[in-house]
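Thank you all for making the time this morning. I would like to walk through one chain with you, from the overall arrangement down to individual residues, so please keep the structure open while I talk.

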Amino acid sequence: MIAVVNSISEIGSLCQYVMGDGKGYELDRNLICGVGPTEIAQEFKLLQAQNINAKKKTFSIVISPH
């Protein structure tokens, strides 16, 4: 199994990718209420705005079978 972790600055494109047909798979959503990728990205941005020190506030974790 291969795992890759990246810190990224833009959440919108990641949400679009993960929730797109046949692209990614959403494994967990902890206390996020949005339904679609746009709503989820907006909710993340509200939470991330509270951290003024970080520039890349999102972690993208990809786990792939070998």
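I will begin with the chain as a whole, then turn to the core, the salt bridge, and finally the strands and the surface.

Please keep in mind throughout that what you are looking at is a predicted model. The chain contains two helices and two strands, and if you follow it from the N terminus the order of the elements is β-α-α-β. The C-alpha trace extends over about 40 × 25 × 20 Å along its principal axes. Of the contacts in the chain with a separation of 6 or more, 57% are between residues 24 or more positions apart. The area that the chain exposes comes to about 5500 Å², with 58% of it supplied by carbon and sulfur atoms, and of the 66 residues in the chain, 17% are buried.

Let me now go to the interior. Which residues make up the largest nonpolar core? There are six of them, namely I11, L14, C15, I32, I40 and A41, and the elements contributing two or more residues to this core are helix 1 and helix 2. As general background, nonpolar side chains in soluble globular proteins tend to be buried together.

Helix 1, which covers residues 12–19, has G12, L14 and C15 as its buried residues. Viewed down the axis of helix 1, these buried residues fall within an arc of 165°, so they line one face of the helix. As for what that face meets, the buried residues of helix 1 pack against strand 1, helix 2 and strand 2.

C15 deserves a closer look here. This residue sits in helix 1, and it is classed as buried because its relative accessible area is 8%, where the cut-off for buried is under 20%. Once neighbours within four places in sequence are set aside, C15 is in contact with P37, I40 and A41. For the pair C15 and A41, the separation is 26 residues in sequence, while their C-alpha atoms are 6.5 Å apart in space. Taken from the side of A41, and again not counting residues up to four places away, the contacts are with I11, G12 and C15.

Staying with helix 2, which spans residues 37–48, I would point to Q48 within it. Q48 counts as buried, at 16% relative accessibility, and, leaving out residues up to four places away in sequence, Q48 touches K57 and T58.

How many salt bridges does the structure hold? There is one, and it is formed by the side chains of E10 and K45, at 3.7 Å from N to O. This pair links distant parts of the chain, since E10 lies in the loop between strand 1 and helix 1 whereas K45 belongs to helix 2, 35 residues apart. Both partners fall in the intermediate class: E10 is partly exposed at 38% relative accessibility, and K45 is partly exposed with a relative accessible area of 43%.

That brings me to the strands. A3 is part of strand 1, and with a relative accessible area of 56% it is exposed. Beyond residues up to four places away in sequence, A3 touches V62 and I63. A3 and A41 are 38 residues apart in sequence, and from C-alpha to C-alpha they are 23 Å apart in space.

Within strand 2, is S60 buried or exposed? S60, which is found in strand 2, is buried, with a relative accessible area of 14%. Outside the residues up to four places away in sequence, S60 touches V4, V5, N6, I8 and L14. I63 is also placed in strand 2, but this residue counts as exposed, because its relative accessibility is 52% and exposed means over 50%.

I will finish on the surface, where M1, V5, F59, I61 and I63 make a nonpolar patch of about 620 Å². Strand 2, residues 58–64, gives the most to this patch, with three residues.

Terms used:
Residues are numbered from 1 along each chain as its sequence is written. This is a predicted model: local features need pLDDT of at least 70, side-chain atom pairs count only at pLDDT 80 or more; totals for chains, interfaces and linings use all residues. Side-chain values use heavy atoms; hydrogens and water are left out. Patches are made of residues with over 30% relative accessible area and no salt bridge: like charges are joined within 9 Å, nonpolar side chains (Val, Leu, Ile, Met, Phe, Trp, Tyr) within 5 Å. Accessible areas come from the Shrake-Rupley method with a 1.4 Å probe; for residues, only the protein chains shown count as cover. A salt bridge is a side-chain nitrogen of Lys or Arg within 4 Å of a carboxyl oxygen of Asp or Glu. Helices (H or I, at least four residues) and strands (E, at least two) are DSSP runs, numbered from the N terminus. Buried means under 20% relative accessible area, exposed over 50%, partly exposed in between (1.4 Å probe, protein chains only). Contact means heavy atoms within 4.5 Å. The arc is that of the directions from the helix axis to the C-beta atoms. A nonpolar core is a set of buried Ala, Val, Leu, Ile, Met, Phe, Trp, Tyr and Cys residues joined through side-chain atoms within 4.5 Å.
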